[in-house]
Amino acid sequence: MLATCVLISFSLGRIPIPIFGRLAETAYFSWVNSYYFFEHVWIARGSSLSERVRGLEERWAYYAAFGLPGTLICSCSGNPLFNMALFAALCPPYLLMAPHARPVPQEPYAPKGGNAFPSPFVPIRVPVFQPAIWVDDMVLKVIEWITRRK
């Protein structure tokens, strides 16, 4: 799924609308980086893939902000090799911060202890990984179809 997300992110960066493509790529990469940094924590806690994706999509603002500094630092150069080296240098601190992070809100559908309703202007869940999941499902269906024919 991560490889598909990276390809989708690069595709977003190629949108020909000025500034929009770059902003979409940066936002998406922020979520992908956050997923990557938190994945080992979620696996250690026994979360399934659907639980991990749902947790990130329900706390989309937190995870976008968590991944944004690393995304911005790793995209400062036009040299992809240099950007990968920056990512390799930034990865250990983020991997150490992830287990200690407490993503908020704890309960996205009932914020502030259940006495308040979520804002109608801010989405509770943003399905950021649905395109990647859809592409992965299509690839698996094609592979399954090819292997059945033999």
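Which residue's side chain meets that of Arg 22 in a salt bridge? The partner is Glu 25, with a nitrogen-to-oxygen distance of 3.0 Å, a salt bridge being defined as a side-chain nitrogen of Lys or Arg within 4 Å of a carboxyl oxygen of Asp or Glu. The model is a predicted one, in which local features need pLDDT of at least 70 and side-chain atom pairs count only at pLDDT 80 or more, whereas totals for chains, interfaces and linings use all residues. Residues are numbered from 1 along each chain as its sequence is written, and side-chain values use heavy atoms, with hydrogens and water left out.

Both Glu 25 and Arg 22 belong to helix 2, where they are 3 residues apart, about one turn of the helix; helices (H or I, at least four residues) and strands (E, at least two) are taken as DSSP runs and numbered from the N terminus. Glu 25 is buried at 6% relative accessibility, while Arg 22, at 43%, is partly exposed, where buried means under 20% relative accessible area, exposed over 50%, and partly exposed in between (1.4 Å probe, protein chains only).

In the whole structure, 6 salt bridges are found. One of them joins Arg 52 to Glu 39, with the closest N and O atoms 4.0 Å apart; because Arg 52 lies in helix 3 and Glu 39 in helix 2, this pair ties together parts that are 13 residues apart in sequence. Arg 52 is itself buried, with a relative accessible area of 11%. A further salt bridge is formed between Arg 125 and Glu 57, whose closest N and O atoms are 2.8 Å apart. Here Arg 125 is in the loop between helix 5 and helix 6 (130–149) and Glu 57 is in helix 3, so the pair ties together parts 68 residues apart in sequence. Of these partners, Glu 57 is buried at 0% relative accessible area, whereas Arg 125 is partly exposed at 31%. In addition, Arg 54, Glu 58 and Arg 59 are linked in a network of salt bridges.

The largest nonpolar core (buried Ala, Val, Leu, Ile, Met, Phe, Trp, Tyr and Cys residues joined through side-chain atoms within 4.5 Å) has 25 residues, and those with the most contacts inside it are Tyr 28, Trp 31, Phe 38, Leu 56 and Phe 129. Two or more residues are given to this core by each of helix 1 (2–13), helix 2 (20–44), helix 3 (49–58), helix 4 (60–74) and helix 5 (80–97), with helix 2 giving the most, 9 residues. When residues up to four places away in sequence are not counted, Trp 31 is in contact (heavy atoms within 4.5 Å) with Leu 56, Trp 60, Tyr 63, Ala 64, Val 128 and Phe 129.
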